[in-house]
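Here's a quick tour of a protein model, with an eye on its surface, its fold and its aromatic rings. Have a look at the structure first.

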Amino acid sequence: MNPSVQRGFSLIELMVGMVVSTIVLAGAYRLWKTHEEQGHQLTQKINIRNEMTLSSKRIQRSVTLAGFGLGGAANLAKDDAVGSDTLVIYTNPAEARSVLVSDYIHGGTAVVHVAEPSKFSGARYLAIKSPTSGEIRKIVGMNSSIVILESPFLFDYPAATSAVFPATRERFYSNQEEKALMREAKDGSIVVAKNVTNFQVSFRNKHGESTEIVNEVRTVVFSFTGVFDAREGALNSIVFSSTAIPRNTL
């Protein structure tokens, strides 16, 4: 055999080498792709958790201020719904108030005669408070010193011991279709957090028991679910829950 003659690869050897290289490259790509997806999913999860944490702090701050400037009138409410509750918070940031000109007797018309009507100019809600009860109603109009309400109050309010306050309303709820946590106030609605669904709210009394009686509420418990893209079969949601304490309860 002539040692100067160099032997190359056969066609079969080249094909085997190509197949092996293809398998190795395919495996490496799948491994890289898996790590990339896991990294992307982890980033999404962290971003959503951070956004939910910030949203929770915003709700907590609003709940803490619930009833501010309303003298202990009813200041919290919630509407129950499948998938998304609505948390309603009332405040009086300007701490404006007025006395009644005349007694309000329940069962009558939905009007209140106030001594200082200018305090209610532009207000959308009116809160009333006596030593024994407090309520909030939507304002639908004014006629001089008469404030016209959407519906009458349930209790009597003597002029000598009652006060009325203009109130602002703030609402939190999730838009299920858009997957967004929303905040609605006088200036309109804004998105508080994206990729969020199933906003749920419950009120607890001083014993930690569920209650629907506003003047018994000592804590507000709320939760919502953050959703993100994930590979098939992987967990793609986070449930976030928190507790807020209203400091202006009855």
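## Surface and burial

The protein exposes about 14,700 Å² (Shrake-Rupley, 1.4 Å probe), and carbon and sulfur atoms supply 55% of that. Of its 250 residues, 38% count as buried, meaning under 20% relative accessible area with a 1.4 Å probe, protein chains only.

This is a predicted model: local features need pLDDT of at least 70, side-chain atom pairs count only at pLDDT 80 or more, and totals for chains, interfaces and linings use all residues. Residues are numbered from 1 along each chain as its sequence is written, and side-chain values use heavy atoms, with hydrogens and water left out.

## Fold

Going by DSSP runs (helices: H or I, at least four residues; strands: E, at least two), there's one helix and 13 strands. The helix comes at the N-terminal end of the order, followed by the strands.

## Aromatic rings

A search of the whole structure turns up eight aromatic pairs, where ring centres of Phe, Tyr or Trp (its six-membered ring) lie within 6.5 Å. Phe-222 and Phe-224 are stacked (planes under 30 degrees apart), because their planes sit at 15°, with centres 6.2 Å apart. Phe-222 is buried at 1% relative accessibility, and Phe-224 at 0%.

Phe-224 also stacks with Phe-240, 5.7 Å centre to centre and 10° between the planes. That pair links strand β12 (residues 219-227), home of Phe-224, to strand β13 (residues 237-244), which holds Phe-240. Phe-240 is buried too, like Phe-224. Ring pairs join Phe-199, Phe-222, Phe-224 and Phe-240 into a cluster.

Notes:
Phe/Tyr/Trp six-rings, centres within 6.5 Å; stacked < 30°, edge-to-face > 60°. Buried < 20%, exposed > 50% of the residue type's maximum accessible area, 1.4 Å probe, protein only.
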